[in-house]
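Reader: I would like to talk through this model with you, starting at the surface and working inward. Could you take my questions one at a time?

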Amino acid sequence: MTAAMEMPRVQECVVAACAYNHTGDCHAFAITIGSLDHAHCHTFIEMPAVRAGLDGQIAQVGACQRADCRHNEQLECQAPSIRVGPDADMADCMTYSHR
C-alpha cells in the first residue's frame, strides 16, 4: 500500500480572469501544471461571470507535467507551495524553476 503525500498548496493566484480565483486564492480542488513549452496552469478557465470551486478550499497541485522543473519528482510537485500568475500564457506556475 502507498501512503498519500501532502500536495503543495497554491499559495497565491493573481490571474483575476480565472473562474477559480476568488480574491487571489484558487478554489479548485487541485490544479494541473505543464505544457511542452511552459508551466501553464491547465485548470485555468476564463469565465468572468462564473465563480467556480469550493468555498473554503485552497487548491493543491495535483500533477505537474514539467519534468524539467527542479521541484518535480516523478511528475509530482515537491515545492512547499506555488504561485500562479501571468507569464508566457494567461496563467502559469511562477514557482517553476528549470533544473
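Reader: Which residues make the nonpolar surface patch of about 220 Å²?

Author: Happy to start there, with the reminder that this is a predicted model. Residues in such a patch need over 30% relative accessible area, and Val50 is partly exposed at 33%. Val50 lies in the loop between β4 and β5. The patch of about 220 Å² is made by Ile45, Met47 and Val50.

Reader: Thanks! Moving inward, how many residues does the largest nonpolar core have?

Author: Strands β1 (9–13), β4 (30–33), β5 (60–64) and β8 (81–85) each supply at least two residues of this core. Those with the most contacts inside the core are Val10, Val15, Cys26, Ile31, Ile33, Ile82 and Val84. In total, the largest nonpolar core has 23 residues.

Reader: Leaving aside residues up to four places away in sequence, which residues does Ile82 touch?

Author: Ile82 is among the residues with the most contacts inside the core. Its partners beyond four places in sequence include Val10, Ile31 and Ile33, and these three also appear in that group. The full list is Arg9, Val10, Gln11, Glu12, Ile31, Ile33, Val61, Cys77, Cys93 and Thr95.

Reader: Now for the charges: which residue forms a salt bridge with Arg83, and how far apart in sequence are the parts that the pair ties together?

Author: Side chains of opposite charge can pair when their charged atoms come close. Here Arg83 pairs with Glu12, with the closest N and O atoms 2.7 Å apart. Arg83 lies in strand β8 and Glu12 in strand β1, so the pair ties together parts that are 71 residues apart in sequence.

Reader: Is Arg66, which forms a salt bridge with Asp68, buried or exposed?

Author: The closest N and O atoms of Asp68 and Arg66 are 2.6 Å apart. Asp68 is partly exposed, because its relative accessible area is 23%. Buried means under 20%. With a relative accessible area of 8%, Arg66 is buried.

Reader: One last pair, if you don't mind: what is the N to O distance in the salt bridge of Arg9 and Glu6?

Author: Not at all! This is one of the 3 salt bridges that the structure holds. Arg9 counts as partly exposed at 34% relative accessibility, whereas Glu6 counts as exposed at 60%. Their side chains meet with an N to O distance of 3.7 Å.

Notes:
Residues numbered from 1 in each chain as written. Predicted model: local features only at pLDDT ≥ 70, side-chain atom pairs only at ≥ 80, totals over all residues. Heavy atoms only, no water. Core = buried A, V, L, I, M, F, W, Y, C linked by side-chain atoms within 4.5 Å. Buried < 20%, exposed > 50% of the residue type's maximum accessible area, 1.4 Å probe, protein only. Helix = DSSP H or I, 4+ residues; strand = E, 2+ residues; numbered from the N terminus. Contact = heavy atoms within 4.5 Å. Patch = residues over 30% accessible without salt bridge, like charges linked within 9 Å, V, L, I, M, F, W, Y side chains within 5 Å. Areas by Shrake-Rupley, 256 points an atom, 1.4 Å probe, with all protein chains shown as cover. Salt bridge = Lys/Arg side-chain N within 4 Å of Asp/Glu carboxyl O.
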